[in-house]
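Biologist: I'd like to learn how to read a structure like this. Can we go through it together, one feature at a time?

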Amino acid sequence: MTTCSAPGKVYLFGEHAVVYGEPAVPCAVERRARVTAEPRDDDRVRVSADDLSLNGFTVTWGGGVDDRPDVDAPPALVEAAMRYVDEAVAQTRDALDDPEQGFEITVESDIPLGAGLGSSAAVVVAAIKAATAAVGVDLSAEAVAERAFRAEYAAQDGQASRADTFCSAVGGAVHVEGDDTRRVDAPRLPFVVGYDGGAGDTGELVAGVRDLREQHGFAADTVGAIGDLTRSGEALLDDAASDGLTDERLAALGELLDVDHGLLSALGVSARSLDEMVWAAREAGATGAKLTGAGGGGCVVALDRTDATETALELTPACERAFRAELATEGVRIESG
Ligand code: MEV
């Protein structure tokens with residue numbers, strides 16, 4: 001039996017635009033998904049998920065998509081979760097060159113589901129690492145990232161960038177631009193996260209941006225503008241990593257977060273709750289704030305060295321929970337086994 005964990009992430013810059021080959025800079029944060037895997041003697045896969053910030057569920061199936069049991073959980077949630085698990089199992093079996101290997105899999109996560117913090121990527125990354133390690137195969141973080149990307153790409157009908165899975169696998173701040181994926185130097189940024197208790201549908205939101213981009217020149221320009229802004233942000237991040245995160249640099253990074261949020265709103269992926277949290281953070285003195293991830297609901301990320309933003313978010317009706325998020329310098333790792 002092997003347990004692995006992988007971190008969630010916030011996007012400093014670049015979500016959605018990254019799907020069209022623009023650069024993005026996600027940063028792994030210390031909120032982890034933990035997956036325990038144990039090989040079975042048959043070809044069945046049993047998944048238990050008791051602690052996913054939602055009702056847990058347990059399912060056993062023979063590995064085929066038509067072979068679904070009745071479970072006591074919202075069908076849409078089970079269906080979505082099972083697509084990721086199916087694809088992670090398929091990638092694991094491929095890595096092992098054994099299409100019939102069965103597993104007992106237990107998933108726990110302190111990353112809210114579908115909220116823009118990379119919960120599905122973290123589960124897929126931790127699952128592939130744990131299941132391969134449980135049968136004695138040691139995949140590097142990069143190999144796990146590649147397989148996790150393929151799993152997420154299949155689960156999201158071909159609408160996924162490498163950003164979430166690569167960031168979760170290798171940890172730290174990363175640059176993703178098409179197939180160009182690498183870690184970048186970053187200072188410890190004072191991230192504050194506000195969570196509205198809801199979730200967005202990544203597939204639907206990505207499809208909405210795609211349609212808008214096909215119909216309107218402004219949307220294609222907006223995607224390009226997010227790319228330009230991300231390049232400026234990366235240059236600032238680099239200066240801050242080598243010469244220190246001065247107040248001026250923090251203010252300049254915050255300003256870019258604000259602009260990024262405005263551009264994402266123009267692409268139609270914000271939500272009233274996200275806008276309310278962004279404004280609460282700004283009014284409390286955050287140097288900048290934006291939605292993180294696909295949008296539609298879920299989380300915002302703000303930069304603030306003081307406690308004022310966290311306190312203000314806690315008092316904002318649209319915010320269910322606020323917390324400080326530390327950069328996770330380590331990506332996927334074996335916890336035991
Ligand atoms: C979702 O966390 C981030 C998006 O850019 C989609 C992706 O990169 O796969 C919206």
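Modeller: Let's start with the domains. This is a predicted model, and the protein is divided into domain 1 (2–185) and domain 2 (191–324). The C-alpha centres of domain 1 and domain 2 lie 24 Å apart. Where they touch, domain 1 brings 29 residues to the contact and domain 2 brings 41 residues.

Biologist: How much area do domain 1 and domain 2 bury between them?

Modeller: General idea to begin with: people often describe an interface's size by the accessible area lost when the parts come together. Here, domain 1 and domain 2 bury about 2,900 Å² between them, and 65% of that is on carbon and sulfur atoms. On the domain 1 side, Phe13, His16 and Tyr20 lose the most area to domain 2, and together they make up 26% of what that side buries.

Biologist: And how many salt bridges are there between domain 1 and domain 2?

Modeller: Side chains of opposite charge can pair when their charged atoms come close. Between domain 1 and domain 2 the count is three salt bridges. As for a single pair you can look up, Arg231 forms a salt bridge with Glu22, with the closest N and O atoms 3.3 Å apart.

Biologist: How many salt bridges turn up in the whole structure?

Modeller: A search of the whole structure gives 24. Try the one between the side chains of Arg162 and Asp179, at 3.2 Å from N to O. Arg162 sits in the loop between α3 (141–155) and α4 (163–170), while Asp179 sits in the loop between β6 (173–177) and β7 (180–184), so this pair ties together parts that are 17 residues apart in sequence.

Biologist: Now for the empty spaces. Which residues line the second largest pocket?

Modeller: The trick is to roll a probe the size of a water molecule over the atoms, which shows where empty space is left. The second largest pocket holds about 160 Å³ of space. Its lining includes Val18, Phe149, Tyr153 and Gln159, and also Arg162 and Asp179, the two partners of that salt bridge. By class, the lining has five nonpolar, five polar and two charged residues.

Biologist: What about cavities: how many of 30 Å³ or more are there?

Modeller: One. The largest cavity has about 60 Å³ of space. Among the residues lining it are Tyr84, Val85, Ile105 and Val123.

Biologist: Which element gives the most to the lining of the largest cavity?

Modeller: That's α1, with five residues. α1 (75–96), β5 (102–109) and α2 (119–134) each supply at least two. The lining divides into eight nonpolar residues, one polar and no charged.

Note on methods
Residues numbered from 1 in each chain as written. Predicted model: local features only at pLDDT ≥ 70, side-chain atom pairs only at ≥ 80, totals over all residues. Heavy atoms only, no water. 1 Å grid on protein atoms, 1.4 Å probe; cavity = no way out; pocket = protein on both sides within 12 Å on 5 of 7 lines; lining within 4 Å. Points joined across faces, edges and corners; volume = space filled by probe spheres on them. Helix = DSSP H or I, 4+ residues; strand = E, 2+ residues; numbered from the N terminus. Nonpolar A, V, L, I, M, F, W, Y, C, P; charged D, E, K, R; others polar. Domains from an automatic or database assignment. Contact = heavy atoms within 4.5 Å. Buried area = accessible area lost by both parts, 1.4 Å probe. Salt bridge = Lys/Arg side-chain N within 4 Å of Asp/Glu carboxyl O.
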